[in-house]
Amino acid sequence: MASYFSEDLLNSRYQAMKVHILSQWLNMGAQRGEYYLQCPCYQDCYCTDWEEIPRIPLNICMYPGELDMFVVHQPFEQYGVIVRWHCIECERELSCGFLPLGTL
Ligand SMILES: [Zn+2]
Ligand SMILES: [Zn+2]
(Lines give C-alpha, C1' and ligand atoms only; values in the text may rest on other atoms or scores of the structure.)
(Ligands and ions follow the chains in the order given, each with its own letter.)
Protein backbone atom coordinates (compact mmCIF):
# COMPACT_ATOMS: atom_id res chain seq x y z
CA MET A 1 0.00 0.00 0.00
CA ALA A 2 2.70 2.45 1.03
CA SER A 3 4.53 1.92 -2.23
CA TYR A 4 1.75 3.55 -4.25
CA PHE A 5 1.63 6.77 -2.27
CA SER A 6 4.33 8.83 -0.64
CA GLU A 7 4.03 9.33 3.09
CA ASP A 8 3.22 13.01 2.54
CA LEU A 9 0.38 12.17 0.18
CA LEU A 10 -0.97 9.50 2.52
CA ASN A 11 -0.90 11.96 5.39
CA SER A 12 -2.66 14.69 3.43
CA ARG A 13 -5.32 12.19 2.28
CA TYR A 14 -5.76 11.14 5.90
CA GLN A 15 -6.08 14.75 7.11
CA ALA A 16 -8.49 15.65 4.31
CA MET A 17 -10.65 12.62 5.07
CA LYS A 18 -10.67 13.50 8.77
CA VAL A 19 -12.11 16.92 7.88
CA HIS A 20 -14.64 15.31 5.54
CA ILE A 21 -15.78 12.76 8.13
CA LEU A 22 -16.10 15.42 10.79
CA SER A 23 -18.26 17.64 8.59
CA GLN A 24 -20.48 14.67 7.63
CA TRP A 25 -20.82 13.80 11.30
CA LEU A 26 -21.81 17.38 12.14
CA ASN A 27 -24.38 17.31 9.30
CA MET A 28 -25.78 14.08 10.69
CA GLY A 29 -26.44 15.68 14.07
CA ALA A 30 -23.13 15.11 15.85
CA GLN A 31 -24.28 12.21 18.03
CA ARG A 32 -21.85 10.22 20.12
CA GLY A 33 -21.53 6.53 19.37
CA GLU A 34 -20.32 4.07 16.78
CA TYR A 35 -20.24 4.80 13.09
CA TYR A 36 -19.33 2.85 10.00
CA LEU A 37 -17.16 4.47 7.40
CA GLN A 38 -18.76 3.69 4.06
CA CYS A 39 -17.02 4.27 0.78
CA PRO A 40 -18.90 6.00 -2.08
CA CYS A 41 -19.65 2.62 -3.70
CA TYR A 42 -22.20 2.17 -0.89
CA GLN A 43 -21.00 -1.32 -0.16
CA ASP A 44 -23.13 -2.60 2.72
CA CYS A 45 -24.04 -5.99 4.18
CA TYR A 46 -27.17 -4.59 5.90
CA CYS A 47 -26.57 -6.60 9.10
CA THR A 48 -27.23 -3.53 11.23
CA ASP A 49 -29.84 -0.83 10.81
CA TRP A 50 -28.77 2.65 9.92
CA GLU A 51 -30.35 3.80 13.22
CA GLU A 52 -28.24 1.31 15.13
CA ILE A 53 -24.92 2.15 13.53
CA PRO A 54 -25.08 5.13 11.16
CA ARG A 55 -22.90 5.15 8.05
CA ILE A 56 -20.66 8.10 7.40
CA PRO A 57 -20.27 8.41 3.63
CA LEU A 58 -16.72 8.99 2.45
CA ASN A 59 -16.12 11.20 -0.56
CA ILE A 60 -13.52 8.91 -2.17
CA CYS A 61 -12.67 5.22 -2.04
CA MET A 62 -9.73 4.72 0.27
CA TYR A 63 -7.34 1.82 0.69
CA PRO A 64 -8.19 -0.67 3.41
CA GLY A 65 -4.84 0.32 4.95
CA GLU A 66 -5.89 3.96 5.02
CA LEU A 67 -9.18 3.04 6.68
CA ASP A 68 -7.28 0.96 9.21
CA MET A 69 -5.47 4.15 10.22
CA PHE A 70 -8.81 5.56 11.38
CA VAL A 71 -9.61 2.41 13.34
CA VAL A 72 -6.16 2.33 14.95
CA HIS A 73 -6.01 6.04 15.80
CA GLN A 74 -9.73 6.70 16.38
CA PRO A 75 -9.22 10.44 15.74
CA PHE A 76 -12.78 11.31 16.83
CA GLU A 77 -12.67 9.61 20.22
CA GLN A 78 -12.58 13.04 21.88
CA TYR A 79 -16.12 13.56 20.52
CA GLY A 80 -17.27 10.18 21.80
CA VAL A 81 -17.21 8.82 18.26
CA ILE A 82 -15.81 5.40 17.36
CA VAL A 83 -15.44 4.57 13.67
CA ARG A 84 -15.23 1.16 12.02
CA TRP A 85 -15.18 -0.01 8.46
CA HIS A 86 -15.85 -3.69 9.13
CA CYS A 87 -19.31 -4.90 10.04
CA ILE A 88 -19.38 -5.99 13.70
CA GLU A 89 -21.76 -8.85 12.78
CA CYS A 90 -20.34 -10.49 9.68
CA GLU A 91 -16.99 -8.64 9.50
CA ARG A 92 -17.60 -7.72 5.88
CA GLU A 93 -15.97 -4.54 4.69
CA LEU A 94 -18.02 -1.45 4.02
CA SER A 95 -15.36 -0.25 1.65
CA CYS A 96 -14.54 -1.64 -1.75
CA GLY A 97 -10.81 -1.58 -1.09
CA PHE A 98 -10.04 -0.75 -4.70
CA LEU A 99 -6.86 0.97 -5.65
CA PRO A 100 -7.54 4.52 -6.84
CA LEU A 101 -7.40 4.82 -10.61
CA GLY A 102 -4.24 6.12 -12.13
CA THR A 103 -1.82 4.96 -9.46
CA LEU A 104 -0.49 1.86 -11.18
ZN1 LIG B 1 -15.36 2.22 -3.03
ZN1 LIG C 1 -22.53 -7.54 8.16
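Helices in this talk are DSSP runs of H or I with at least four residues, strands are runs of E with at least two, and both are numbered from the N terminus. By that rule, glutamine 74 comes just after helix α2 and takes a positive phi of about 40°. I will come back to α2.

First, the conventions. This is a predicted model, in which local features need pLDDT of at least 70 and side-chain atom pairs count only at pLDDT 80 or more, while totals for chains, interfaces and linings use all residues. Residues are numbered from 1 along each chain as its sequence is written, and chains are lettered from A and ligands numbered from 1 in the order in which they are written.

Now the overall layout. The protein chain has 2 helices and 3 strands. Read from the N terminus, its elements run α-β-β-α-β. The radius of gyration is 13 Å, close to the 13 Å that the globule rule gives for 104 residues, so the chain is as compact as a globular protein of that length. For the record, that radius is taken over C-alpha atoms, and the rule is 2.2 Å times the number of residues to the power 0.38. The C-alpha trace spans about 40 × 30 × 20 Å along its principal axes.

Two residues are in contact if their C-beta atoms, placed from the backbone, lie within 7 Å. Among contacts between residues at least 6 apart in sequence, 63% join residues at least 24 apart.

Next, the sheet. Strands count as paired if DSSP finds at least two bridges between them. The sheet here is open, has 3 strands in the order β2-β1-β3, and its pairing is parallel. Its edge strands are β2 and β3, each of which pairs on one side only. From one strand to the next the twist averages 40°, where axes are lines fitted to C-alpha atoms, for helices over the stretch in contact, and angles run from 0 to 180 degrees between N-to-C directions.

Taking the pairs in turn, β1 and β3 are joined by 4 bridges. One of the partnerships is glycine 33 with valine 81 in β3. On the other side, 3 bridges join β1 to β2, residues 55–57, and there glutamine 38 stands opposite proline 57.

Now burial. A residue is buried if 20 or more other C-beta atoms lie within 10 Å of its own, exposed if 12 or fewer, and partly exposed in between, with C-beta atoms placed from the backbone. Of the 104 residues, 15% count as buried.

Back to α2, residues 64–73. Which of its residues are buried? They are Glu66, Leu67 and Phe70. Seen down the axis of α2, these buried residues fall within an arc of 100°, so they line one face of the helix. The arc is that of the directions from the helix axis to the C-beta atoms. The cover over them includes α1 (7–27), β1 (33–38) and β3 (81–84).

That leads to the core. A nonpolar core is a set of buried Ala, Val, Leu, Ile, Met, Phe, Trp, Tyr and Cys residues joined through C-beta atoms within 7 Å. The largest one has 14 residues, of which Tyr36, Leu37 and Met62 touch the most other members. Two or more residues come from each of α1, β1 and α2, with β1 giving the largest share, 3 residues.

Leaving aside neighbours within four places in sequence, methionine 62 is in contact with Met17, Cys39, Leu67 and Ser95. Serine 95 lies in the segment after β3. Is serine 95 buried or exposed? It has 22 other C-beta atoms within 10 Å, so serine 95 is buried. Not counting residues up to four places away, serine 95 touches Leu37, Cys39, Gln43, Cys61, Met62, Pro64, Leu67 and Trp85. Its C-alpha atom is separated by 17 Å from that of isoleucine 82, 13 residues apart along the chain.

Last, two loop residues. Alanine 30 sits in the loop between α1 and β1, and its phi is near 55°, a positive value in a residue other than glycine. It counts as exposed because it has 11 C-beta neighbours inside 10 Å. Tyrosine 46 lies in the loop between β1 and β2, with a positive phi near 60°. Tyrosine 46 also counts as exposed, with 10 C-beta neighbours inside 10 Å.
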